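Work through the exercises below with the model open beside you. Try each task before you read its solution.

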Amino acid sequence: MNDYIAVDIGASSGRLILGRINNQKKLVLEEIHRFINGFTKENGHDRWAIDQLIHEIFIGLEKAKRMGVNKAKVGIDTWAVDYVLVGMDGRKLQNPISYRDQRTRHAIEELTGDLSKEYIYKKTGIQFLELNTLYQLYKENKEDLKKTDRIMMIPDYIGYVLTGNAVAEVTNASTTQMLNLREGLFDKDLLAKVNVYPEQFPRLAESGSVLGAIRHKWRLEYDLPDCEVITVATHDTASAVVGTPGEGDDWAFLSSGTWSLLGKELNVPENGAEAFKENYTNEWGAYGTYRFLKNIMGLWIVQSIRREQDNKYSFAEMAAQAEQVEPFQQFININDDRFSNPKSMIDEIQAYCEETHQTVPQTTGELVAAAYCNLALFYANELEKLGKIVGQPIKVLHIVGGGSNVDFLNQLTSTLSGITVKAGPSEATAVGNLAVQMISSGDLSDLVEARKLINQSFEIKAYTPQDNQYPDVLAKYQAFIQGR
Ligand code: LRH
């Protein structure tokens, strides 16, 4: 059996995880290295320190070697939509700008002034979010674009720096809102609208293809194992869905991290009128699947509260404080753009409650309770809609990712939605990353076998609805949201 390393970098942290299938036919994970991530203001924009992230990958690979890994496959996944502009000399022009940067405010309205939203949705099936690559490129510095030889999504760029080989992996490329669903290629009209050319993107590659070996020059600089980079499902959410142990076809997934991505895996995209109205997306998945989902603000709200309090409490402590508070004291549309990157999340939540004449949360417990209760309400509301759009009620919700450890939130979600919640694995993204490498290398046959392995390797905790504890809270919430 091979040694496999997943490099999984999210908006707030990154990690390298070693995965092996042991003699009992279980997937065993070992954390090799963990580091923080975040954007900082640089040159007038919120930017990612991409060289530092790459350096952390090498530090992790050096650690792997010290742990006895001499030869490994490596897969890289990161958050979606952001990209690096690479100049004619093969180097990045600047550090990449974060999707939370303010530059795309109102860009959807501007761009869709003469290309209708329906037209774009029919072509791409992708939800309208200001953070999409399409709107970021629309607001890109025109001089920089002229100097750009290649536009590379973050994990593609990292793979390129490591190996010298450039591809545009499909799961992540689809989040640009520039892939044409029918043609399976970048859409010429949409590219023209933002002044870029198809030739500026590397060739499209499927998840599971081989990218290449790590360049010799890096092996002179760092003490690395012998690594072959596999182009996995490079969008972290795509990897998380691969790593979700769903069985049958009445389950939905909730990838719970900085974002909450709630949806269903489909074999055929769903870009009809109802999906358009509800702003659901059809991101391309591994092995010809589609991630039909909605982006929900997620743990970002709790992460931001924590950061503003100088990380005084752990997430577990914050959840424990929230549980002491009377739930559902206020309704908040947590997907309101105002929570995307406010100066202060605490001030923003309090201002929202004041403006809507509701109880203003003050303590950490009250603030976190407000966030979790409204996340659970949002999930329950979406699960209902999702079942209607796909024409089949959802029976089980699989929650994966770091947020699957929050018992309080899992239980509320099950009770409000009236269905079973299955939580875990919390490292589903790394697990999905590893699974694609294992399929690509022949150690696993396909997605079904991979999910069986995941099911038998990790503890999956089940939550069932508690008796009618909050009988009319969801209906009241729905009325509140509709009225806004
Ligand atoms: C989650 C995620 C999500 C995208 C967002 C930009 O990390 O990749 O799927 O919508 O970041």
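**Exercise 1. Find the residue just after α14 that takes a positive phi, and give the angle.**

Solution. The model is a predicted one. Step past the end of α14: histidine 357 has a positive phi of about 55°.

**Exercise 2. Sort residues of helix α14 into buried and exposed, and locate each group on the helix.**

Solution.
Step 1. Helix α14 spans residues 345–355, and Met345, Ile349 and Tyr352 are buried in it.
Step 2. Check their directions. They cover an arc of only 60° around the axis, so they sit on the same side of α14.
Step 3. Recall the helix geometry. An α-helix has 3.6 residues a turn, so residues three or four places apart point the same way.
Step 4. Turn to the opposite face. Asp347, Glu354 and Glu355 are exposed there, on the face turned away from the buried side.
Step 5. Look for the cover. The buried residues of α14 are covered by elements including α12 (300–308) and α15 (364–390).

**Exercise 3. Decide whether isoleucine 76 is buried or exposed, and list what it touches.**

Solution.
Step 1. Place the residue: isoleucine 76 is in strand β6, residues 71–78.
Step 2. Count neighbours. Isoleucine 76 has 28 other C-beta atoms within 10 Å. The cut-off for buried is 20 or more, so isoleucine 76 is buried.
Step 3. Leave out residues up to four places away in sequence. Isoleucine 76 then touches Val7, Pro155, Ile158, Gly159, Val229 and Thr234.
Step 4. Look further along the chain. Asparagine 433 is 357 residues away from isoleucine 76 in sequence, yet their C-alpha atoms are separated by 7.4 Å.

**Exercise 4. Describe how domain 1 and domain 2 meet.**

Solution.
Step 1. Set the bounds: domain 1 is 4–235, and domain 2 is 244–424 + 445–484.
Step 2. Take the C-alpha centres, which lie 25 Å apart.
Step 3. Count contacts. Domain 1 brings 23 residues, and domain 2 brings 21.
Step 4. Split the domain 1 side by element. Both α3 (117–124) and α7 (170–173) give two or more residues. The largest share, three residues, is from α3.
Step 5. Split that side by class: nine nonpolar, 10 polar and four charged.

**Exercise 5. Characterise the shell around the ligand.**

Solution.
Step 1. The shell holds 15 residues, and Trp79, Ala80, Val81, Thr237 and Trp259 come nearest.
Step 2. By class, eight are nonpolar, six polar and one charged.
Step 3. Assign domains. Domain 1 and domain 2 each supply at least three residues of the shell.

Key: Residues are numbered from 1 along each chain as its sequence is written. This is a predicted model: local features need pLDDT of at least 70, side-chain atom pairs count only at pLDDT 80 or more; totals for chains, interfaces and linings use all residues. A residue is near a molecule or strand if its C-beta atom, placed from the backbone, lies within 6 Å of it. Ala, Val, Leu, Ile, Met, Phe, Trp, Tyr, Cys and Pro count as nonpolar, Asp, Glu, Lys and Arg as charged, and the others, Gly among them, as polar. Domain bounds come from an automatic or database domain assignment. Two residues are in contact if their C-beta atoms, placed from the backbone, lie within 7 Å. Helices (H or I, at least four residues) and strands (E, at least two) are DSSP runs, numbered from the N terminus. A residue is buried if 20 or more other C-beta atoms lie within 10 Å of its own, exposed if 12 or fewer, and partly exposed in between; C-beta atoms are placed from the backbone. The arc is that of the directions from the helix axis to the C-beta atoms.
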